[in-house]
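Q: Could you take a close look at one part of this model for me? I'd like to zoom in on a single strand residue and then see what sits around it.

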Amino acid sequence: FLDTPEPVLALIRTPADATHGDTLLALFNLGHDAVNLELPQAPQTIAVDGHGFEGARREGQRFTLPAY
């Protein structure tokens, strides 16, 4: 888990064997309002489709997460 202010839950999941799979950054806004969040420790990522969470954006190390 990454240290983030409430109401954001953030985690990085890496495969046990780095040669089999990608690192996954998961960010969840559990609040009623949109959140802008700076995560300097966030790895480079690409957006994953088909998860049902729409509207999140990344600009460098700044993330915008829509309300829950």
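A: Here is a walk around N29, then out to the core and the pocket. Keep in mind that this is a predicted model.

N29 is in strand β2. It counts as buried, because its relative accessibility is 7%, under the 20% cut-off. Its side chain has polar partners on two sides: one of its polar atoms lies 2.9 Å from the backbone nitrogen of G31, and the side chain also reaches the backbone oxygen of P66 at 2.9 Å. Setting aside neighbours within four places in sequence, N29 is in contact with P7, A34, V35, L65, P66, A67 and Y68.

V35 is a handy link from here to the core. Again leaving out residues up to four places away, V35 touches N29 along with P7, V8, F63, T64 and L65. V35, V8, F63 and L65 all belong to the largest nonpolar core, which has eleven residues, the others being L2, A10, L25, L27, L37, L39 and A42. At least two core residues come from each of β1 (8-13), β2 (24-29), β3 (35-38) and β5 (62-65).

β2 turns up again at the largest pocket, which holds about 910 Å³ of space. Of its 29 lining residues, L25, L27, V48, H51 and A56 are the closest to the centre. β2, β4 (57-59) and β5 each give two or more residues to that lining, and β2 gives the most, with six. By class, the lining comes out as 16 nonpolar, eight polar and five charged residues.

Conventions: Residues numbered from 1 in each chain as written. Predicted model: local features only at pLDDT ≥ 70, side-chain atom pairs only at ≥ 80, totals over all residues. Heavy atoms only, no water. Core = buried A, V, L, I, M, F, W, Y, C linked by side-chain atoms within 4.5 Å. Buried < 20%, exposed > 50% of the residue type's maximum accessible area, 1.4 Å probe, protein only. Helix = DSSP H or I, 4+ residues; strand = E, 2+ residues; numbered from the N terminus. Contact = heavy atoms within 4.5 Å. 1 Å grid on protein atoms, 1.4 Å probe; cavity = no way out; pocket = protein on both sides within 12 Å on 5 of 7 lines; lining within 4 Å. Points joined across faces, edges and corners; volume = space filled by probe spheres on them. Nonpolar A, V, L, I, M, F, W, Y, C, P; charged D, E, K, R; others polar. Polar contact = N/O pair within 3.5 Å; in protein donor to acceptor, adjacent residues only side chain to side chain.
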